[in-house]
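Subject: Structure handover

Hello,

Here is the structure I promised to pass on. Please open it first, then read my notes below.

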Amino acid sequence: MMKFLRILLLALRALKRNPMRAGLTPLGIIIGVSAVIAMMEIGSGVSAEIQSTISNMGADVIMIWPGQAANAGVSFGAGTAVTLTPQDCDAILRDCPAVRWASPVVGARAQLVYGHTNYVPWQINGVTPQYLEAQNWLPLQEGDVFTDQDVRNASKVCLVGQTIVNELFDGQDPVGKEMRIRNVAFKVIGVLKAKGANMMGFDQDDVVLAPWTSIKFRVTGSMLTNANQSAASSVSTSVNTLSNLYPESSIVLYPQPSAVQAADRPQAIRFINVNNITVSAWTSDQIPTAIREVTQVLRERHHIRAGQDNDFNIRDMTQIADAMASATATMTGMLGAVAGVSLLVGGIGIMNIMLVSVTERTREIGIRLAIGAQARQVLLQFLVEAVVLSLFGGLAGIVAGLAFAAFATSMLGVPFIVDVST
């Protein structure tokens, strides 16, 4: 140990004699290490941001859409079949152990009016309180959530996103105020927490959520099962009567309600279709199990025989999450490989400088050998010098890499995460 300490002191004195060369020699190591650290930390931050975005969208969410309708060989496109009902949602919750939350969803496209301001949001969705749990909307930023009783009563209450607050209410507190959705007054009882844009670039805060019965019966005005709720453009004032079966008959079997009566007292019928059903599994690992259970339940309820195609489609976020994680890992690995080349070049630079140092110090080496030093002791001295330079370059590179990563992540708007494993 004493010999090693003396060799270490000799190595430090030798480096001190030429501080300029000692400072420039580890520059390649500093650049290489800082590049590796920065790329890995930036990659970790981007990966965490993607995971957060997917989590906000619902990483364990399964979307069930109706199938496509066709007539005389002509397909009307996906989602046009009338196949999903609120009773399907109840059966999924009851008979699928892997499902935690489930909610029917009814969409609408309408103008919001408050005072002299109007605005058309990206989404107006009729849902149940479980939808908020499934989509990670809770807790709310402000106000209260509508209840199952509101859903049963088709109450005219709603929740609004941050974009609605800014665009329609000019940033003021909207809780307790009323806005009109297609001439139907809805009371704002809560404000959703901000989520920002999703991976597809759509503003998740540009949304209005209300009881699905309110949106279906009061806003879209579609009380028949053969209507596409999201495409409804005006409030329907007709009811299902037997006189529609016999247009040539002048006899009206049932009195026709007025427009006000049809809007205020919608006549719900037993079979009511919904746009889609949002399902959330207990964990992401249980998504395949939940899909199998949901498929079995819906096939039984829809009386689909073995060998027949499903009249519904199931989509989940795991494919998107896996694809994004794979792409991020590939990019991070590629950047890390490039940074690793810089590190290799820095190591070669130290090797070349030490070779030059040996050539310049032949007199010193000869004198040390002449007074009794062994060859391995001389070799150990130069190795210690190389190790000291490498350690200095590595530490300086770590500090520089972390500083650059912190600056880059702040500019990119992604979290700065120090991953010790890198």
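Start with a charge and a ring. The charged end of lysine 195 sits over the ring of tryptophan 137. The distance to the ring centre is 4.1 Å.

Keep in mind that this is a predicted model. The protein chain has an average pLDDT of 79. Of its residues, 78% score at least 70. One stretch needs care: over residues 223-251, pLDDT stays under 50. The model still has 51 contacts for that stretch beyond four places in sequence. Where pLDDT is low, the predicted coordinates should not be read in detail.

Now the overall picture. The protein chain has 422 residues, and 41% of them count as buried. It holds 13 helices and 14 strands. Take the contacts between residues at least 6 apart in sequence: 73% of these join residues at least 24 apart.

Next, the cores. The largest nonpolar core has 61 residues. Ile64, Ile92, Val160, Met179, Ile181, Val208 and Leu209 have the most contacts inside it. Another core lies apart from it, with eleven residues. Among them are Ala22, Ile350, Ile365 and Leu389.

Back to isoleucine 181 for a moment. What does isoleucine 181 touch, not counting residues up to four places away in sequence? Its partners are Ala110, Gln111, Leu112, Ile124, Phe186, Val208 and Val219.

Then the salt bridges. Side chains of opposite charge can pair when their charged atoms come close. The count here is two.

One salt bridge joins aspartate 88 and arginine 301. Their closest N and O atoms are 2.5 Å apart. This pair links distant parts of the chain. Aspartate 88 is in helix H4 (residues 86-95), and arginine 301 is in helix H10 (residues 287-301). They are 213 residues apart. Is aspartate 88 buried or exposed? Aspartate 88 counts as buried, because its relative accessibility is 1% and the cut-off for buried is under 20%. Arginine 301 has a relative accessible area of 35%, so it is partly exposed.

The other salt bridge joins arginine 94 and aspartate 95. Here the closest N and O atoms are 3.5 Å apart. Arginine 94 is exposed, at a relative accessible area of 57%. Aspartate 95 is partly exposed, at 42%.

Last, the aromatic pairs. A pair of aromatic rings is described by the distance of the centres and the angle of the planes. There are two pairs.

Tyrosine 114 and phenylalanine 169 form a tilted pair. The rings are 4.7 Å apart, centre to centre, with 45° between the planes. Tyrosine 114 lies in strand S5 (residues 112-114). Phenylalanine 169 lies in the loop between helix H7 (162-168) and strand S10 (178-181). The pair therefore ties together parts that are 55 residues apart in sequence. Tyrosine 114 is partly exposed, at 25% relative accessibility. Phenylalanine 169 is buried, with a relative accessible area of 2%.

The rings of tryptophan 212 and phenylalanine 217 make up another pair. Why is this pair called tilted? The planes are at 50°, and angles from 30 to 60 degrees count as tilted. The ring centres are 6.3 Å apart. Tryptophan 212 counts as buried at 9% relative accessibility. Phenylalanine 217 counts as buried too, at 10%.

Over to you.

Best wishes

Key: Residues numbered from 1 in each chain as written. Predicted model: local features only at pLDDT ≥ 70, side-chain atom pairs only at ≥ 80, totals over all residues. Heavy atoms only, no water. Core = buried A, V, L, I, M, F, W, Y, C linked by side-chain atoms within 4.5 Å. Buried < 20%, exposed > 50% of the residue type's maximum accessible area, 1.4 Å probe, protein only. Contact = heavy atoms within 4.5 Å. Salt bridge = Lys/Arg side-chain N within 4 Å of Asp/Glu carboxyl O. Helix = DSSP H or I, 4+ residues; strand = E, 2+ residues; numbered from the N terminus. Phe/Tyr/Trp six-rings, centres within 6.5 Å; stacked < 30°, edge-to-face > 60°. Lys NZ or Arg CZ within 6 Å of the ring centre and 35° of its normal. pLDDT = per-residue confidence, 0-100.
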